[in-house]
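Colleague: Can you put the model up and take me through it? I have some questions about residues I might look at.

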Amino acid sequence: MEDMTKISGSLIMFSFAYPQAIYRAKKIKLLVLDVDGVLTTGQLFIAPNGDILKPFNTLDGLGLKLLMQTGIQTAIITARNDAAVAFRAKQLGITHYLCDVHDKKIAYEQVQNIAGVTEEECAMIGDDVIDLPILVRCGLPIAVQNAHDFVKQYAQYITQKQGGMGAVREVCDFILFAQNNLERILNEYTQ
């Protein structure tokens, strides 16, 4: 009985998700991420010398690594050119990293072509209107809990967690769940 409870835990975890979101998540081969407000809380800690420090969540990092283990590609598309983000992207093994982007639509099309995926095979996590050019085009548009209300109107999935506070991990787990990989991956840690 105890094992059944553990297995059904992820079913309960995602019981709030719309069936349409689960259906779309089954097709995902590329997860696109914004940074500020998604991978971070959106806060900028600026040192007296002008260096910017950003807090990243380790749960998000492991979630991305687990997702990539199943063959799903990852991309960061961000308007900023930030050494800390570049370092974190490299540290995590993010497949595609585009920074200093002024037109996210063009960057998204470039990543999509390089990755060799269709729009319905792409998911994007965003938090503000600058992310809408991707969110309105991708197969699974996702907004973090603390996203701008206008952005949430376009999301098929709104995270329970806030950006920088485990929202990316939640999405990774959700995609793994939809693709029937979550239980297997999590159970590997108990062997």
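Modeller: What follows is a short run through the fold, the cysteines and a few single residues.

Modeller: This is a predicted model, in which local features need pLDDT of at least 70 and side-chain atom pairs count only at pLDDT 80 or more, while totals for chains, interfaces and linings use all residues. Residues are numbered from 1 along each chain as its sequence is written, and side-chain values use heavy atoms, with hydrogens and water left out.

Colleague: Fine. How many helices and strands are in the protein chain?

Modeller: The protein chain has nine helices and eight strands. Helices (H or I, at least four residues) and strands (E, at least two) are DSSP runs, numbered from the N terminus.

Colleague: And what is its radius of gyration?

Modeller: The radius of gyration is 16 Å, close to the 16 Å that the globule rule gives for 191 residues, so the chain is as compact as a globular protein of that length. That radius is taken over C-alpha atoms, and the rule is 2.2 Å times the number of residues to the power 0.38. Along the principal axes, the C-alpha atoms fill a box of roughly 55 × 35 × 30 Å.

Colleague: What share of the residues is buried?

Modeller: Buried residues are 48% of the 191. Buried means under 20% relative accessible area, exposed over 50%, and partly exposed in between, with a 1.4 Å probe and protein chains only.

Colleague: What about contacts between residues far apart in sequence?

Modeller: Of the contacts between residues at least 6 apart in sequence, 57% join residues at least 24 apart. Contact here means heavy atoms within 4.5 Å.

Colleague: Cysteines next. How many disulfides are there?

Modeller: Zero disulfides, a disulfide being a pair of cysteine sulfur atoms within 2.5 Å. For Cys99, the nearest cysteine sulfur is that of Cys122, 20 Å away.

Colleague: Why is Cys172 not bonded to Cys138?

Modeller: Because the sulfur of Cys172 is 15 Å from the one in Cys138, its closest cysteine sulfur, and that is too far for a bond.

Colleague: Are those two, Cys99 and Cys172, buried or exposed?

Modeller: Cys99 is partly exposed, at 27% relative accessible area. Cys172 is buried, at 0%.

Colleague: Switching to Arg169. Where does Arg169 sit?

Modeller: Arg169 is in helix α8, residues 167-178. Arg169 is buried, with a relative accessible area of 14%.

Colleague: What does the Arg169 side chain have for polar company?

Modeller: A polar atom of the Arg169 side chain lies 3.3 Å from the backbone oxygen of Leu59. Leaving aside neighbours within four places in sequence, Arg169 is in contact with Leu59, Asp60, Leu62, Gly63, Leu66 and Leu186.

Colleague: Ile175 is in that stretch too. What does Ile175 touch?

Modeller: Ile175 also lies in helix α8 and is buried at 0% relative accessible area. Not counting residues up to four places away in sequence, Ile175 touches Ala25, Ile28, Leu31, Leu67, Ile72 and Ala123. Ile175 and Pro19 are 156 residues apart in sequence and 13 Å apart in space, C-alpha to C-alpha.

Colleague: And Thr74, buried or exposed?

Modeller: Thr74 is buried, with a relative accessible area of 0%. Thr74 belongs to strand β4, residues 73-77. Beyond four places in sequence, the residues Thr74 touches include Leu30, Leu31, Gly93 and His96.

Colleague: How many aromatic pairs are there?

Modeller: Two. Rings of Phe, Tyr and Trp (its six-membered ring) pair if their centres lie within 6.5 Å; planes under 30 degrees apart count as stacked, over 60 as edge-to-face and the rest as tilted. Phe150 and Tyr154 form an edge-to-face pair, 5.5 Å centre to centre with 65° between the planes. Phe150 is partly exposed at 35%, and Tyr154 is partly exposed at 38%.

Colleague: Last topic, the backbone. Which residue in the loop between β5 and α5 should I look at?

Modeller: Asp100, in the loop between β5 (96-98) and α5 (104-115). Its phi is near 60°, a positive value in a residue other than glycine. Most residues other than glycine have a negative phi. Asp100 is partly exposed, at 40% relative accessibility.

Colleague: And what is phi for Asn180?

Modeller: Phi of Asn180 is near 60° and positive. Asn180 is in the loop between α8 and α9 (182-188), and is exposed, with a relative accessible area of 69%.

How values were computed
Polar contact = N/O pair within 3.5 Å; in protein donor to acceptor, adjacent residues only side chain to side chain.
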